[in-house]
Amino acid sequence: MDKSSNIKQKSTKIMLIVYRLFLKLAFAFLILAGFVIYKEQTLDFTSSLLVFSLSSSLIFAVSYVLTYYLYKYYNKNKFEIVKKDPLKMQILLMCRLISFVLGAGLFVYGVSLALNSFLGVVLILIGLVLCEMLFANKRITSHLSTFFENVSAGLLFACIYFSAVVGIGYFVLIFWIFSLVCLLLQEFFYHFTNVGKHNKEDVDVKQMIKIRLMYFIRNALVYTLLYVFTFVASISNLYSLITSSGVALVFFQLLPLIISIITVVILFYTTFSKKEEAKEVNYNLINDKHSFGEKLKRLGSKNIDASFDYVTSQMSAKNGYVRKSGEDYFYHCLNTANILMLHGINDEEVLSTALLHDCIEDMPNCKESTIQELTNNKIAHSVVLLSKKKDINYKEDKNMNEYLNAILQDRCATLVKIADRMHNISTLGANFTENAKIRKREETKKYFIPFVENAISLYPDDAIFLRESLNFFKGI
């Protein structure tokens, strides 16, 4: 079992937050540079604040590309191209970074021309479009949402700059209002991005609007607090205290570089740190049907013996039933029963169901009546509950939940389903791609952790096995 997946999943969540922050900061510092040029009425590269703004923008753009690449490389199922051809993805990201640099150049030059020429406005727009290409998404609404999110941050930075240069004034209110408008536009376009991803019949549009409004309120409150802080900093002469201290000023100027270096180092460490030492649980123990058959015979159950004989004779490689590993399919059924036995569950009905649980689903000639004649009605009923129907798509949440909820009403079927999944997960070997393994683990966590938690409350007598299976699923 690959315990490093836990590290990767934690890393990707951090990366997701960080790379979005870096993108926002890259635009924010670029917009700040534009306001510096506008304020000073000239494009002067001897201006320390202009150089600071542009260099900070570039630093965060590079950091964004690095973090974005790491995120896509280790994310669970996106951008298979990264795994198949990492060089191609690296070249693509470098092209986007070059586009951002060219766009930044056109933007600052356009701002300097915009003071006296309409051409400058055109160059500003072209520059912003090129800069936006740093963000990867095919949907125009997603680009617009991200753009307005970035502009809101840039307006905040510009407000801080103005308040530091000219003191407090009514412009703080103007910047605040424009920031809120940008945040509202961000959520507006994000809403249509989400709607575009789904069929309208599959989504509750009113609920989605409500969610976006809640996000807007949250972000608006955060920005309001930041503008209040800007106001307080201005009237308390906090800026003059910073600029009067040479050490503080140097630290402030190096802050973007320091933040980026520390963050990227942390990301590399969390991503490439050694795998956690963990006790591996091997649930694929049965590879000799004869010795396991003798073990079952000692239980003295005719139903178990009949089930064993039936599954080993019918679901064999000779009859075309083979696992991806190449072994007879019946070994999966034997191992499912063995998992239950390892946890002290030797019930006749449970073990018989474990041995037969795939027969109706996978064998066209095996029906409920077949299992009834072989064993009894109770075992047959449990096997039917475990059998998926061919005409139902179990990848849909509704269908999968209905399937598991029906199983949950039957103790025998519940225990077998859990053992079945435990064996399947513990045998994700070289015959599965890495993406397939990750998808299978994510699916297991999504459905089987709540499934087992519900089972614990329904079947307290089996709590030892159920709690161990719960820990197993949480640790995959």
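Is aspartate 410 buried or exposed? Keep that in mind for Exercise 1; everything below refers to a predicted model.

**Exercise 1. Place the salt bridge between lysine 378 and aspartate 410, and work out how enclosed each partner is.**

Step 1: Start with the distance. Lysine 378 and aspartate 410 form a salt bridge, and their closest N and O atoms sit 3.1 Å apart.

Step 2: Find the partners on the chain. Lysine 378 belongs to helix H17 (residues 377–386), while aspartate 410 is in the loop between helix H18 (397–408) and H19, so the bridge ties together parts 32 residues apart in sequence.

Step 3: Check accessibility. Buried means under 20% relative accessible area. Aspartate 410 comes in at 6%, so the answer to the opening question is buried. Lysine 378, at 33%, is partly exposed.

**Exercise 2. Trace the network that links Asp347, Arg411 and Asp462.**

Step 1: Name the members. Asp347, Arg411 and Asp462 are joined in a network of salt bridges.

Step 2: Take one link in it. Between arginine 411 and aspartate 347, the closest N and O atoms are 3.0 Å apart. Arginine 411 is part of helix H19 (residues 411–426) and aspartate 347 is in the loop between helix H13 (330–342) and helix H14 (348–356), so this pair ties together parts 64 residues apart in sequence.

Step 3: See how open the two ends are. Arginine 411 is partly exposed at 27% relative accessible area, and aspartate 347 is partly exposed at 31%.

**Exercise 3. Count the salt bridges in the whole structure, then find what glutamate 149 pairs with.**

Step 1: Do the count. Searching the whole structure turns up nine salt bridges.

Step 2: Pick out the glutamate 149 pair. Its side chain meets that of lysine 24, with an N to O distance of 3.4 Å.

Step 3: Look at the sequence span. Glutamate 149 is in helix H6 (residues 140–166) and lysine 24 in helix H1 (residues 4–40), so the bridge links distant parts of the chain, 125 residues apart.

Step 4: Check the surroundings of glutamate 149. With 22% relative accessibility, this residue counts as partly exposed.

**Exercise 4. Decide whether helix H14 is enclosed or open, then see what valine 383 does beside it.**

Step 1: Count along the helix. Seven of the nine residues of H14 are buried, so the helix is largely enclosed by the rest of the structure.

Step 2: List them. The buried ones are Val350, Leu351, Ser352, Thr353, Ala354, Leu355 and Leu356.

Step 3: Bring in valine 383. This residue lies in helix H17, and it is buried with a relative accessible area of 0%.

Step 4: Check its partners. Leaving out neighbours within four places in sequence, valine 383 contacts Thr353, Leu356, His357, Ile360 and Ile371. Valine 383 and alanine 354 are 8.3 Å apart, C-alpha to C-alpha, with their positions 29 residues apart in sequence.

**Exercise 5. Work out how helix H11 is oriented against H12 and against H13.**

Step 1: Take H12 (residues 302–314). The axes of H11 and H12 come within 9 Å and cross at roughly 165°. Over 145 degrees counts as roughly antiparallel, so H11 is roughly antiparallel to H12. The crossing is right-handed.

Step 2: See which residues make that contact. From H11 they are Lys289, Phe292, Gly293, Leu296 and Lys297, and from H12 they are Ile304, Asp305, Phe308 and Thr312.

Step 3: Turn to H13. The axes of H11 (residues 289–297) and H13 come within 12 Å and cross at roughly 40°. The two helices are therefore oblique to each other, and the crossing is left-handed.

Step 4: List the residues that meet. Lys289, Phe292, Lys295 and Leu296 in H11 touch Phe330, Tyr331, Leu334, Ala337, Asn338 and Met341 in H13.

**Exercise 6. Find the largest nonpolar core and follow one of its best-connected members.**

Step 1: Size it up. The largest nonpolar core has 64 residues, and those with the most contacts inside it are Met315, Leu334, Leu340, Phe465 and Leu466.

Step 2: Follow leucine 466. Setting aside neighbours within four places in sequence, leucine 466 is in contact with Leu415, Ile418, Val452, Ala455, Ile456 and Tyr459.

Step 3: Look elsewhere. Apart from that core lies another, of 60 residues, including Leu30, Tyr69, Phe148 and Leu180.

Definitions and conventions. Residues are numbered from 1 along each chain as its sequence is written. This is a predicted model: local features need pLDDT of at least 70, side-chain atom pairs count only at pLDDT 80 or more; totals for chains, interfaces and linings use all residues. Side-chain values use heavy atoms; hydrogens and water are left out. A nonpolar core is a set of buried Ala, Val, Leu, Ile, Met, Phe, Trp, Tyr and Cys residues joined through side-chain atoms within 4.5 Å. Buried means under 20% relative accessible area, exposed over 50%, partly exposed in between (1.4 Å probe, protein chains only). Contact means heavy atoms within 4.5 Å. A salt bridge is a side-chain nitrogen of Lys or Arg within 4 Å of a carboxyl oxygen of Asp or Glu. Helices (H or I, at least four residues) and strands (E, at least two) are DSSP runs, numbered from the N terminus. Axes are lines fitted to C-alpha atoms, for helices over the stretch in contact, and angles run from 0 to 180 degrees between N-to-C directions. Angles under 35 degrees count as roughly parallel, over 145 as roughly antiparallel, 65 to 115 as roughly perpendicular and the rest as oblique. A crossing is left-handed if the near helix is turned anticlockwise from the far one by less than a right angle, and right-handed if clockwise.
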